[in-house]
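Visitor: Hi! Could you walk me through this one?
Guide: Happy to, here it is.

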Amino acid sequence: MLLSSSSYARVVRASAWYDLVVTAPFATPWTYLLVHEALSLGGPADRMTVLYANLMGSVVLVWSLLRVLRPLPLYGLLDGVARVLFASWQAYALTHGAAAVVWLFLGVEAAWGVAQLAPWARRNARENLPGVLQETP
């Protein structure tokens, strides 16, 4: 890996802290409604949107806490893959009229994705992935 394991752990932990701060407001109906209003998303938030925002916020909070407490290389790899997915759906939303504020989130997702995936791109997956999968928590 290009980064030392302690440097990579710091990247994984920093991305987790970012997620905790940004995602926490999505985890409850009350805080999501404040975010919805602050982002000027227009109109009242419908119940299903609030539900999905709360589900996403809750899962990301738990995933973030895991990475703060145990910033293992495997978790950085998986989080990098998740960020590619998130960035893909954000780009899709932007091409279909999503609010311009999504560009900011897309940029941050892409940056964290590159930071966590670039070291892996330099490794031969067949040679190194089995060793990462065998790490003990």
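Guide: What follows is a short chat about the fold, one helix and a surface patch.

Guide: This is a predicted model, where local features need pLDDT of at least 70, side-chain atom pairs count only at pLDDT 80 or more, and totals for chains, interfaces and linings use all residues. Residues are numbered from 1 along each chain as its sequence is written, and side-chain values use heavy atoms, with hydrogens and water left out.

Visitor: How many helices and strands are there in the chain?
Guide: The chain has 6 helices and 0 strands (DSSP runs, H or I of at least four residues for helices and E of at least two for strands, numbered from the N terminus).

Visitor: And what share of the residues is buried?
Guide: Of its 137 residues, 34% are buried, where buried means under 20% relative accessible area, exposed over 50% and partly exposed in between (1.4 Å probe, protein chains only).

Visitor: Switching to helix 5, where is the kink?
Guide: At A115, about 30°, shortly before the proline P119. The bend is the angle between axes fitted to the seven residues ending there and the seven starting there.

Visitor: Which residues of that helix are buried?
Guide: In helix 5 they are V102, L106, E109, G113, Q116, P119 and W120.

Visitor: Why does L85 count as partly exposed?
Guide: Because its relative accessibility is 43%. L85 lies in helix 4, residues 73-95, and belongs to a nonpolar surface patch with V81, F86, W89 and Y92.

How values were computed. Patch = residues over 30% accessible without salt bridge, like charges linked within 9 Å, V, L, I, M, F, W, Y side chains within 5 Å. Areas by Shrake-Rupley, 256 points an atom, 1.4 Å probe, with all protein chains shown as cover. Salt bridge = Lys/Arg side-chain N within 4 Å of Asp/Glu carboxyl O.
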